[in-house]
Amino acid sequence: MSWELIRDILIATVPLLVIFPSLFAFTTWVERKALARIQNRIGPNKTGVPCTRISLFGLGQPAADGIKMLFKEDIVPRGADRLFHLLAPIVALIPAMLVLCFLPLEFPWAKYIQVPVQAFLLDGAVIFFFAITGINTLAVFMAGWASRNKYSLLGGMRAIAQMVSYEIPLVLSAVIVVMLVGSLNAADIASAQEGYQWFVFTPWGLAAFVIFFIAALAETNRSPFDLPEAESELIAGYFTEYSGFKFALFFLGEYIAMFAISGLAVTLFLGAGEGPGVATVPALSAVWFLAKIFALISLMIWLRGTLPRLRVDQLMAFAWKFLLPLSILNILLAGLAWHLRGQGTVAQAATWAASLLILYFTARVLDGLSRPQARPRQYKYAE
Amino acid sequence: MNQETAFWILSVVAVLGALVAVRQRNLVHGVFALLLFFAALAGLFLLLMAEFIAAAQVLVYIGAVGILLLFAIMLTERVTGEGKRIFSRGWLGGALASFAVLGALLLPPLRATVLPAHAQPVDPSVRALGEQLMNPYVVTLEVLALLLTAALIGAVATAQGTAKRKGAAK
């Protein structure tokens with residue numbers, strides 16, 4: 001292996017391994033502060049620069065938490081499967097980190113790369129993204145099963161059911177963009193949206209973006225879909241038996257997965273790195289990309305502070321009876337609109353209005369049909 | 001040289017994964033070893049420049065089949081315990097039968113096809129694959145889709161049938 005190749009690989013990967021974990025540390029602070037504000041508390045405000053009285057709004061909290069996690073005792077339950085208990089957090093973190101390289105993030109130092117080693121230049125980058133994200137489910141199962149704890153296993157099973165269900169609307173809403181661009185290549189998808197032709201500005205693109213975002217929330221176990229880690233029902237779900245640094249790895253993996261899936265949403269619907277000033281200063285592209293990711297993360301935090309958790313039956317009904325039919329209809333609409341494209345502004349406006357109306361009414365009807373009815377409870381197995 | 005090293009690493013991982021999957025008494029460990037084998041296979045596909053096949057391998061086998069196997073194990077009672085026999089009584093006959101099927105499937109095409117002396121240039125892109133699927137092989141694709149739909153409906157019908165019978169028995 002030549003030195004140039006190794007150097008190029010390092011240039012392409014090391015920034016991802018530095019930027020996203022630091023963003024994670026910052027996000028935990030933002031989340032604690034924002035949730036505290038929503039709940040009329042103050043949040044962390046003491047930890048700042050060590051050995052001084054400078055507190056910096058509690059910005060030192062992530063570092064203090066990290067050090068605390070490192071020094072905590074690592075407890076493994078007696079009946080646990082020691083190998084899988086150790087492997088689960090690693091298997092959770094690696095795919096999350098791996099998919100980051102499928103995001104078309106154009107860093108300013110990318111121009112020093114001579115061999116095109118970036119993974120987002122692959123022909124099937126988007127399908128690789130979905131394939132590797134799916135491995136996360138296995139890590140959740142591993143953790144739940146290896147802990148030999150009822151609550152962990154229940155949380156793990158809930159997580160698998162939820163992730164498998166919501167992966168379908170997630171992929172189907174991404175299919176629209178792939179269909180309209182005619183490529184699975186992330187760089188192609190980014191360049192197809194140049195000139196502020198973002199897919200979120202079309203009716204089907206908007207619907208697909210909303211479906212994608214909701215499914216992404218469920219896929220990353222974020223509130224209101226955080227049933228696998230429902231504290232009040234399952235203690236903490238699949239990572240109940242994890243402490244210390246293994247717990248920190250789970251935590252990190254979860255947030256990196258959030259960044260990755262937000263990054264995919266930005267790539268597919270929000271014009272990737274496009275923004276004011278990119279034409280003159282190309283380095284701004286990466287800044288805009290990260291800023292858009294952070295905007296989506298903030299939206300997730302806001303939702304967490306606002307919405308209560310769903311019930312299991314509501315969760316499943318919502319995925320299979322609402323999101324799935326709606327996203328299939330959306331694909332049909334997008335295909336139809338693609339065939340009717342480029343026939344004057346009036347025709348285009350009519351197509352847009354018609355598809356918006358169809359989407360709206362379908363959503364209303366499906367909403368009425370898919371809500372679980374309040375019936376007297378029937379016990380299947382406990383009679 | 002790099003590719004050769006990668007090939008050897010992936011092959012060793014694949015063979016070890018497959019062996020552990022067959023020999024492991026703990027079923028969940030066995031499933032994960034099988035998944036390791038699938039992952040190594042995806043790596044081998046990637047080495048052959050078949051990116052789409054590699055991605056599909058990860059998506060279908062690790063993402064879907066693996067989860068399905070785990071669900072099946074979780075929903076079946078008393079299969080996770082230690083000390084289960086891993087060889088059934090008729091293993092010799094089974095092995096012979098499977099080798100016979102493999103030979104019957106492989107031999108005729110092997111004897112009929114003349115392998116080209118030089119490698120043919122192929123276009124490994126996703127676009128070429130899609131055009132092939134949509135143009136010459138579209139009927140095959142549709143028949144496969146129909147078959148899968150039928151299997152899906154059949155599975156639902158079977159599951160509902162047993163549930164109803166149980167309800168009637170009560």
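**Two chains and a helix pair**

Colleague: How many residues of chain A are in contact with chain B, and how many of chain B with chain A?

Modeller: In this predicted model, 19 residues of chain A are in contact with 16 residues of chain B, where contact means that the C-beta atoms of two residues, placed from the backbone, lie within 7 Å. Local features here need pLDDT of at least 70 and side-chain atom pairs count only at pLDDT 80 or more, while totals for chains, interfaces and linings use all residues. Residues are numbered from 1 along each chain as its sequence is written, and chains are lettered from A and ligands numbered from 1 in the order in which they are written.

Colleague: Which elements of chain A give two or more residues to that side?

Modeller: They are α4 (125-133), α5 and α6 (150-181) of chain A, helices being DSSP runs of H or I with at least four residues, and strands runs of E with at least two, numbered from the N terminus.

Colleague: And what classes do the residues on that side of chain A fall into?

Modeller: There are 15 nonpolar, three polar and one charged; Ala, Val, Leu, Ile, Met, Phe, Trp, Tyr, Cys and Pro count as nonpolar, Asp, Glu, Lys and Arg as charged, and the others, Gly among them, as polar.

Colleague: Back to α5, then: how do the axes of α3 and α5 of chain A cross?

Modeller: The axes of helix α3 (residues 82-99) and helix α5 (residues 135-146) of chain A come within 8 Å and cross at roughly 160°, with axes fitted to C-alpha atoms over the stretch in contact and angles running from 0 to 180 degrees between N-to-C directions. The two helices are therefore roughly antiparallel to each other, a label for angles over 145 degrees.

Colleague: Which residues meet there?

Modeller: Among them are A:Phe84, A:Leu87 and A:Val91 in α3(A), and A:Ile135, A:Leu138 and A:Met142 in α5(A). By class, this contact has 14 nonpolar, two polar and no charged residues.

Colleague: New topic: how many helices and strands do chain A and chain B have?

Modeller: Chain A has 13 helices and zero strands, while chain B has six helices and zero strands.

Colleague: What share of each chain is buried?

Modeller: Of the 383 residues of chain A, 42% count as buried, meaning that 20 or more other C-beta atoms, placed from the backbone, lie within 10 Å of a residue's own. In chain B, buried residues make up 15% of the 170 residues.

Key. Angles under 35 degrees count as roughly parallel, over 145 as roughly antiparallel, 65 to 115 as roughly perpendicular and the rest as oblique. A residue is buried if 20 or more other C-beta atoms lie within 10 Å of its own, exposed if 12 or fewer, and partly exposed in between; C-beta atoms are placed from the backbone.
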